[in-house]
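Trainee: I am new to this structure. Please show me how to read it, one feature at a time.

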Amino acid sequence: MKTPLAWLNLVHEKTRLLVAIAGVAFAVILVFMNLGFLGSLAKAASMIYSQLNAEVYLVSPQTLEISTTKAFPIERLYQAAGIAGVERVMPLYTGYLQWRNPETRTNRSIFVYGINPNDPVFVSPEIQSPENQAALRRPDTALIDRLSRPEFGPQTTGTVTEVDRRQLTIGGQYTLGGGFAADGTLIMSDQNFRRFFDPFPLRLISLGLVKLQPGADVEQVAAELRRTLPEDVLVLTRPQIIQRERDYWIGTTSTGFIFGMGVIVSCIVGVVIVYQILYTDISDHMKQYATLKAMGYRSQFLFWTVVQEAVILAVLGYIPGFAISLGLYELTLRATNGGLPIGMELGRAVHVLLLTIGMCSLSALVSVRKVIVADPAEVF
Amino acid sequence: MSQSMSQSMSQSMSQSMSQLVGSTTLETNSDPNAYAVQIRGLNYYFGQGDLRKQVLFDIDLDLLKGQIVIMTGPSGSGKTTLLTLIGALRTVREGSLKVLGQEIVGLSRAELVNVRRNIGFIFQAHNLFDSLTAAQNVEMAVELLDEWGDKRQKAIEMLSQLGLADRVDYKPSALSGGQKQRVAIARALVNQPALILADEPTAALDKKSGREVVTLMQQLAKQEGRTILMVTHDNRILDVADRIITLVDGRLETDDNLENFVNTHDPKSLDRRMFMM
Ligand SMILES: Nc1ncnc2c1ncn2[C@@H]1O[C@H](COP(=O)(O)OP(=O)(O)O)[C@@H](O)[C@H]1O
Ligand SMILES: [Mg+2]
């Protein structure tokens, strides 16, 4: 085996090596956190639709995502009910209310789903339980999401609080998660929804849910709906509405931009740190590298030595960076009560490793110039 | 330096001189293969345009194979520059310079690198990698060869010849100055280069280790018939030379065997000159 010069040079300066590893690990963690948030955004966007009991969705073309819907006439839903393959249509009303924490008496926005209690809008069997069904039918009563942030206060059944200056009683609990748009969610009947959002005409709905008969072809029914319904509603299959929502969060809002920017800035930090380390290392070994050139080594050899150092730093920094990121993901998941579905994905792990190697190689390319132009005649 | 010291020095020189009687230093030889280095009409300039400054003037010099040649001269006279030109570390533009039978004027950078692989360089500073052991530093030279599978044996053998058998796995930080310079010499000699260029190899060493290092170089060169061109200011080691050349202001001033050199250079003035440098 040839003398592993790159490796030996790196491990010779223990302190410098540790600083370099810490620097790379730091950049890796920043990248993982940014990508983690970005990923959880996409996941959170899809989460609610996997909880809804419908294959096809009707929305207003002006609707951006589920928490900022533009209402459209319920007639569209009735029209959809007549199409072959449709088993059932269900309206969904959505909006924000000011929830007062009964203990601290502070107000906080809570996201509200209004449903017809007779409709199986949600997949979760918990919401269909006799107690919850009964609670939904009581006036001024709502079910509360267990994943709502603790700032909303106690969630026990029977708790009475004030919501938009109206008394509301907690009638039961369910588990859903509010994603990025909401810290907490409520489910109430359409009748209660109309009271709390007064004036609110129930003939305008936020989202139309179309449940298909078993065995019906989703694409075919969706195409038929598009053909039949006027232009004032969009007909979207579940994958389509999820994609639309992701595009909104990642593309249209600045959220995606901010996290994307975070990744870029983290990479720049990494590049600068590795550049510093490599540059110092090269400066310290200038005489030795020039001697190698005098002995008959080509610039190519020195170039690859520096690139090797960079790749070694990348891998050594990635390992702790990856491990710490796993811990931080877990911490974030707990801190948000699972509302932020952040987690490691194999694809992301591989991408960040390649990104780290690329980042360090870039630093190598910037710093290697010095050794390429080193003149062996000057060391004599 | 005291009078008595320089006297004793010239005595020791004269003694070693007697061993050199009959040396062939100044004989001419018509066979071009007999020369390690042949220089004709070499001029060299530093800088461009108005700042252009000539440092070497019309140098003619032949180094016979197997000779140990010492080059002296005042500081700034162009000794290092001449050495780097012969070592293919700089590009020559004027004149002719043949190294080991090959004309190197007009060669590309890549071709110059190949020429360098046949030359052993020894610098004033040892320039060893602190991160590598003595053996690994020497192995770096062996790895330049196509066949380097036995690099460790070769390195150990070379280091042993230089008296470092028990130091092969030491890092430079654990070696003395003289030992480090001997590792550097081992690195320069391990590939058995036909030509060895040394620029003040003893300058950073004390008297005793300087002497040791030069004697070792001399022994190895004589055993293997290598050519050595060594720049030195150290008149204590002149006795290893078959021939001494002096460079003054970029011109070859004297070219003598040791006997003539000492005879024509009064010890006192010689001493003074060395001191000036
Ligand atoms: N890289 C360089 N650029 C310009 N001038 C140089 C350079 N190196 C040496 N010189 C000049 O060339 C002359 C010869 O220098 P050098 O060969 O180092 O002399 P010596 O080794 O005999 O002391 C000096 O005048 C020095 O200032
Ligand atoms: Mg010099």
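Trainee: Is Gln79(A) buried, partly exposed or exposed?

Mentor: Remember that this is a predicted model. For exposure, buried means under 20% relative accessible area, and exposed means over 50%. Gln79(A) has 33% relative accessibility, so Gln79(A) counts as partly exposed.

Trainee: Where does Gln79(A) sit in chain A?

Mentor: Look in helix H3 of chain A, residues 75-81.

Trainee: Which residues does Gln79(A) touch, leaving out those up to four places away in sequence?

Mentor: Leu229(A) and Pro230(A). Compare sequence and space, too. Thr228(A) is 149 residues from Gln79(A) in sequence, yet their C-alpha atoms are 8.3 Å apart.

Trainee: What domains does chain A have?

Mentor: Read the bounds piece by piece. Domain 1 takes 5-45 and 254-379, while domain 2 takes 61-232. The centres of these two domains of chain A, taken over C-alpha atoms, are 47 Å apart.

Trainee: How many residues does each chain give to the contact between chains B and A?

Mentor: Chain B gives 30 residues and chain A gives 26. Next, take the area. The two chains bury about 2600 Å² between them, with 62% of it on carbon and sulfur atoms.

Trainee: How many salt bridges and polar contacts are there between chain B and chain A?

Mentor: There are 0 salt bridges. Polar contact, with both residues at pLDDT 80 or more, joins 12 residue pairs. On the side of chain B that touches chain A, the elements giving two or more residues are helices H2 (79-86), H3 (109-116) and H4 (134-142) and strand E6 (119-122) of chain B. By class, that side has 14 nonpolar, 6 polar and 10 charged residues.

Terms used:
Residues numbered from 1 in each chain as written. Chains lettered and ligands numbered in written order. Predicted model: local features only at pLDDT ≥ 70, side-chain atom pairs only at ≥ 80, totals over all residues. Heavy atoms only, no water. Contact = heavy atoms within 4.5 Å. Buried area = accessible area lost by both parts, 1.4 Å probe. Salt bridge = Lys/Arg side-chain N within 4 Å of Asp/Glu carboxyl O. Polar contact = N/O pair within 3.5 Å; in protein donor to acceptor, adjacent residues only side chain to side chain. Helix = DSSP H or I, 4+ residues; strand = E, 2+ residues; numbered from the N terminus. Nonpolar A, V, L, I, M, F, W, Y, C, P; charged D, E, K, R; others polar. Domains from an automatic or database assignment. Buried < 20%, exposed > 50% of the residue type's maximum accessible area, 1.4 Å probe, protein only.
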